[in-house]
Amino acid sequence: METFAWTKEEIDLIYEVRDLAKNKIAERAIYLDSTGDERQDWVIPELLARRNLLAPDIPQEYGGRELSMRMHASLIEELAVGCAGAAAIVVANSYAVTPILIVGNKELKEKYLPYMTTKNPNLACMAINETRSNYNIERLERGNEDLTRIATYAVKEDNQVIINGSKDYIVNGAAAKFILILVRSSYSKHKSRLQFYLLPNPSPGITVSEVLRKAGMRSCHTAKLNFHDVSIPESHIVGEGGGYLLLMQNFDRNRTLLGAIGVGVAKAAYDLALDIAKANGIFNRSNSYSYYVSSTLADLSTQIDAARLVVMRAAFYIDIDANYARVSNMAKLYATQVAQHVTSTAVDLVGRLGFLVGHPVEKYLRDAQMLSIIAGSDYLHRHVLSAQL
Amino acid sequence: METFAWTKEEIDLIYEVRDLAKNKIAERAIYLDSTGDERQDWVIPELLARRNLLAPDIPQEYGGRELSMRMHASLIEELAVGCAGAAAIVVANSYAVTPILIVGNKELKEKYLPYMTTKNPNLACMAINETRSNYNIERLERGNEDLTRIATYAVKEDNQVIINGSKDYIVNGAAAKFILILVRSSYSKHKSRLQFYLLPNPSPGITVSEVLRKAGMRSCHTAKLNFHDVSIPESHIVGEGGGYLLLMQNFDRNRTLLGAIGVGVAKAAYDLALDIAKANGIFNRSNSYSYYVSSTLADLSTQIDAARLVVMRAAFYIDIDANYARVSNMAKLYATQVAQHVTSTAVDLVGRLGFLVGHPVEKYLRDAQMLSIIAGSDYLHRHVLSAQL
Amino acid sequence: MFRYTLSKQKLEFLMAVRELVQKHIVPYAIELDDKVDKGVDFGILNILAEHNLLAPSIPTEFGGLGLSHLTTAMILEEIAVGCASVASIVSTNLHAVSPIITAGTSEQKEEFLPKLTTKNPQLAALALIEHKPNLDIFAYPGSMNIRHSSINVKEVDEDYITLKGYKDYVMNAKSASFFTTMFSATPKGEKQDLQVLVLPLDIPGITIGKNKKTLGLRACNANELILENVKLPKKYLIGKPGSGFLVFMQNLDRNVAFTGAISVGVARAAYEIALGASKNRIYMGKPSFEESAISYTLAEMATKINAARLSVHLACMFIDNDLDYSQAASKSKIISSSVAQEVTSKAMEIVGGKAYLYGHQSEKYLRDAKMLSIVDGSEQFHRNLIAAQF
Amino acid sequence: MFRYTLSKQKLEFLMAVRELVQKHIVPYAIELDDKVDKGVDFGILNILAEHNLLAPSIPTEFGGLGLSHLTTAMILEEIAVGCASVASIVSTNLHAVSPIITAGTSEQKEEFLPKLTTKNPQLAALALIEHKPNLDIFAYPGSMNIRHSSINVKEVDEDYITLKGYKDYVMNAKSASFFTTMFSATPKGEKQDLQVLVLPLDIPGITIGKNKKTLGLRACNANELILENVKLPKKYLIGKPGSGFLVFMQNLDRNVAFTGAISVGVARAAYEIALGASKNRIYMGKPSFEESAISYTLAEMATKINAARLSVHLACMFIDNDLDYSQAASKSKIISSSVAQEVTSKAMEIVGGKAYLYGHQSEKYLRDAKMLSIVDGSEQFHRNLIAAQF
């Protein structure tokens, strides 16, 4: 029997992160939103590293906080209240770290995980999507039934593995300490040919081919990377042979965190609209606008609470290792919808001030839109989910 | 250059029908809604026949009013304000009459069209859907690419055609003076094997195998019919060889009228909610409920007007014989959505009285739901429409 | 998620209820809906009574199962999958006894609570809705007028008060052995004059009036309740004079999540039937489930049902742990009733043809979902309750 | 449908505008959006001026094309398909001259209207929005506060009034040669004190303040307008004292359908890009258009855009025929701006990946659609206008 009560320590940490997000991260995020995401900024990573929050689920033996998924999701929500892009930095780390935690060998764990827990900020990233006009892991050729049309490939030479290819939409990509890359290995076949490798970065042959300027989430830096004859020891393989399943498992687990970002950004927009309404005495008036605002806010708050529950359920299922694939999908889908609806409605409520670039309510709207594309479109998620009905 | 102004005569007719619907049809419809649609009732057909409204687009040479599609759609809307089921009777006639008007031979026109314009009410019907557990013209066997899986078949014998099969969801089916039936002819192939015939009713071999009790639109009677060795002269063929195209054309034209039913039932629900709000002084009060009701009503009225425009556009395209397939599809889809949204919201507004079976606002909700299924599901309409994008 | 807080024994009980519903309720749901005028079907009530399910949250000391709000909500969802009307009979019982449990004297508890826990089923009713009769167009639609009561005091003496008045849409009325309602101490009927009372059926002067035909939840039998010179012993008054409004609001908050649980059950039933149909029904040459327009819609439906269920369970957990539950309760009502309406309507489209025939489950689900949205306050009513706390 | 009411000549003109847009606006739309701070791009304005499209409904006697509202709306839609900002520059001109056309003297018409019809482009601006500066959190968000004006009279003599005040978010301000605005005759600024005036830029005391960065419609350049002791000749007053509110509301009704037409144009552009992407982008092994979840969504989008367009055209036809247009105008705004928001958001999902990069058309469409929903009154503002007539 579970009770779902946080411990005192957990509550303190949540409040600490809430405070950090509100007082430090939000300010930097608004600055970055207006200056753009062309450069990797280190202010937010430093703030996070100082509190060991860059990958807070790493076990204590590697210096991490070893948080449960529920705590992880709660912290991501709090961070996303400050800035969805800041939360996305941590989630990108999580995408890179999760496979190592699940199947990484001892050498890799001991060498790379501690980077993520030092007081000096280090980032990690996962490189999945191929660089293509038609992007993404979604299939390219008509009729080809292979889900993951991965073209980047790995060849064995002596005890080394040589990787060639190009990957797109990589959050944290340019400055990552290590890159978890998905490749097609030349020495095995079909889905099991998919294989993860860990690439230390910088390594000879890894170059940033393009920096992506995003419409939202500009606190995180996103890039295309080229891999030209990148050579690594064979020991840098992550989960030999099970690339496809590992990919799915990684997606399933971290989708929950994407859901948590959705809840956070929705909450940020809602809180702001509520504050503005209060500051302007909306709730003391009796006119049509006041009633519209107050009942709309009540509705938004209802939806945010439901989204948080859906995310927490997925986190809980992951913590107890129940079948979490379906519920994490639901968490991502539902929270994304709620985030987009809430942020859009908040712009309506806040009205003309939303015209202002740099005013948070408008930033929240753009940030929430990004949730539809990070780690797979909503269509893809619905597709995966409908296969589980 | 068009001006879209009605003539004085047209306006008078619209008001006459509005009056008829409000003062005579609505009352009978509420009675029929509570007693059920197990019997063919003649009160509404009589009211319509007396004003020559059972098929008002029939040309004057056959005794009809020869109305334009715009006028036809306007009258259907007015009738549907009184009762969607009453309007559905006229639309069912139109489905049967349209192919005869387009390609029927002189003999058929002269013999059958005048039935629809006499002061004694006669009904007609179209029999398309096969009787099947999985219903409808939608395809049954996996992978079979034939759109219209029609199993009822016709065989030539001497100068007679013998028809065998069973058809479902036939509005006006039990009491129709004639039945326009879609069959697969044994003497031609593929899509062009589809063929319409006109069957006089009663004829030996035509039996009502089941009466359908519908959730809404109970003013119109709906049945399954069995056809056992029904023999007709060859001259009763309607549009030799072009059955599939004729079917599509018939659907395209009459979809506009289904849209008009949607507008009418939405207007009925809106009018009632507005009256009730006024009678209770809602608009003079200043409380959250009043604001909610008034701005919601404003929104409903906005949507109804847009739906009417979409329907009128389709009717106009049909009148000038522009390419109407796409716009009539849009008219049906949009008006159905609006009707379902408006009637459902009206129940919310009217609130507890909606509990009452027999209270119109609840009837409108059920009637509007029926629009999703009459003459093809919304999914089918979206499918057809998306092929036209 | 909240299922994991239940003991193994409770989970097994829940599964037993699910079986019971499949066996004894599902097969009769359409028939129950159709037999509107014939009063409550005691066949099914007997079975519920046999398992002490007519008011499962009554404390064990009064013969009940003493279930938590959370477990009770889960049971109501299971029953509602079979038939929302039957679940509403149970939730009406719960709502009617709620003021007795939270604010009643021990004599009241001992007299009334055991009535609902015997194997010989009795029901309770809550008379709440004001309705001014003989109006062509009714008064104040849509929101619950809970700030006054048209039941008024005619006379007061030392031991009795004499009441006169009218209530409408009283669910369970025809078969109830007692009623919970409110009366106004003054004819004006202001909010601060209200008091709750319990009214045993055997007091002279109580008439159960016309049966009201309803859009959904038909087997609940909503009737008029007419009081003519009802001489009520004062021991049947609940709470202090003037406390009626607060007692009422508290009990609304405590019970509205149950209505939410029933909505979730209806939505689940509609979803399941649509999912089944989509896998069997052939559309364009393949099962319609293989059309992404349909399978994605089903995915959305499942996602929303889950969110609604979680909201209901959270509110129940707050109530069970005596946390501030008022907002969570309203939120659970808003989300579950809007999800139920959306899901039942989409289910009809997916099921297609047959769903539109009278007496098909899908059509019944839509009506029940719509009715549940109005029972215990519409979504907009609850939004305003939440907004009042801003 | 309403296209059939246009003469062949007008239809050809419309097609010419479409070509113009494809050639001269579409290629520069993203760039225009990005050059926020650099003022209006006169390259494109020169081209519009050359075709007399900066205010195409100005009567021919003042050098304009004298187009009907309907034709003008169609032209605005065409321009907005290329760039909503450019279309908004034109509609701002139209809104600014509208009080002069409907209520101005012939001297005023002769002085100001020809400015917008020369080949040497000039703009007009409408200063409407109140904004209390120096507030951390702003006053009265969301609805247009049109019942007072913070432009007040300092002094009055026989021929002049001296004004002082502030307006915000004045579109076209940076490049306008005259402004239309309202002032309050009394400091309290009540509704019945308002009067409309036209303000030539060359009168001393006018300062164009800070450029406001906006969510969308960025190339319109919204700025502050500050009046310090502006000595305005009385001949520049429009209408009678106290008529300001009515003149303003009438002109809002007349121009809001233009904003609707721009929303339709943005929605159409987003739809077209999504349709193209869906036919090229491969998803699960085939063009994503072959997924019914996507093609049905596109069908819905097309249906709604058509409904929105018809609503806009109906309102324009009412205005052209001098029928009661106020409700139709509000309805066209409600429907077109909500359709534009829905369509642009769905288009981003369908386009996928690239749509989320800064500077991609889809992302710009979404921002423009959202901004258009707030310009000239939000949907809820217009619902309340309609409701006020119940």
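**Strand pairing, helix geometry and burial in the predicted model**

Strand β1 of chain B, residues 123-127, pairs with β4(B) in the parallel sense over five bridges. The structure described here is a predicted model, and every value in this section is to be read in that light. Within the pairing of β1(B) and β4(B), Cys125(B) has Ile179(B) of β4(B) as its bridge partner. Strand β4 of chain B comprises residues 176-185 and is mostly covered, nine of its ten residues being buried.

Two further strands of chain B are joined to β4(B). Strand β2, residues 153-157 of chain B, runs parallel to β4(B) and is joined to it by two bridges, with Ser185(B) of β4(B) serving as the bridge partner of Ala154(B). Strand β5, residues 194-200 of chain B, runs antiparallel to β4(B) and is joined to it by seven bridges; here the bridge partner of Leu180(B) is Leu198(B), which belongs to β5(B).

Chain C was examined for its overall dimensions and secondary structure. The chain contains eleven helices and ten strands, and its C-alpha trace spans about 80 × 50 × 45 Å along the principal axes. Because a compact globule of 390 residues would have a radius of gyration near 21 Å, the 21 Å found for chain C agrees with that expectation. Of the 390 residues in chain C, 62% are buried. Among contacts in chain C with a separation of 6 or more, 75% are accounted for by residues 24 or more positions apart.

Helix α5 of chain C, residues 84-103, has 20 residues and reaches 28 Å from its first C-alpha to its last, which is close to the 28 Å expected at 1.5 Å a residue. The helix nevertheless bends by about 35° at Val97(C), and a proline, Pro99(C), follows within four residues of that position. Helix α5(C) is mostly covered, with 18 of its 20 residues buried.

Asn93(C) is placed in this helix, α5 of chain C. Asn93(C) counts as buried because 28 C-beta neighbours lie inside 10 Å, where 20 or more are required for that class. When neighbours within four places in sequence are left aside, Asn93(C) is in contact with Leu54(C), Ala55(C), Leu116(C), Leu123(C), Ala124(C) and Asn172(C). For one of these partners, Ala124(C), the separation from Asn93(C) is 31 residues in sequence and 4.9 Å in space, C-alpha to C-alpha.

A residue of another exposure class is found in chain D, where Tyr4(D) lies in the segment before α1 (8-25). Tyr4(D) has 15 C-beta neighbours inside 10 Å and therefore counts as partly exposed, the class that falls between 12 or fewer neighbours for exposed residues and 20 or more for buried ones. Tyr4(D) and Ala355(D), which are 351 residues apart in sequence, are 36 Å apart in space, C-alpha to C-alpha.

The largest nonpolar core has 565 residues, and those with the most contacts inside it are Ile261(A), Ala273(A) and Val310(A), together with Ile261(B), Ala273(B) and Val310(B). For Ile261(A), residues up to four places away in sequence not being counted, the residues touched are Ile76(A), Ala80(A), Ala84(A), Ala87(A), Ala88(A), Val91(A) and Leu371(A).

How values were computed:
Residues are numbered from 1 along each chain as its sequence is written. Chains are lettered from A and ligands numbered from 1 in the order in which they are written. This is a predicted model: local features need pLDDT of at least 70, side-chain atom pairs count only at pLDDT 80 or more; totals for chains, interfaces and linings use all residues. A nonpolar core is a set of buried Ala, Val, Leu, Ile, Met, Phe, Trp, Tyr and Cys residues joined through C-beta atoms within 7 Å. Two residues are in contact if their C-beta atoms, placed from the backbone, lie within 7 Å. The expected span of a helix is 1.5 Å times one less than its number of residues. The bend at a residue is the angle between axes fitted to the seven residues ending there and the seven starting there. The radius of gyration is taken over C-alpha atoms; the globule rule is 2.2 Å times the number of residues to the power 0.38. Two strands pair if DSSP finds at least two bridges between them.
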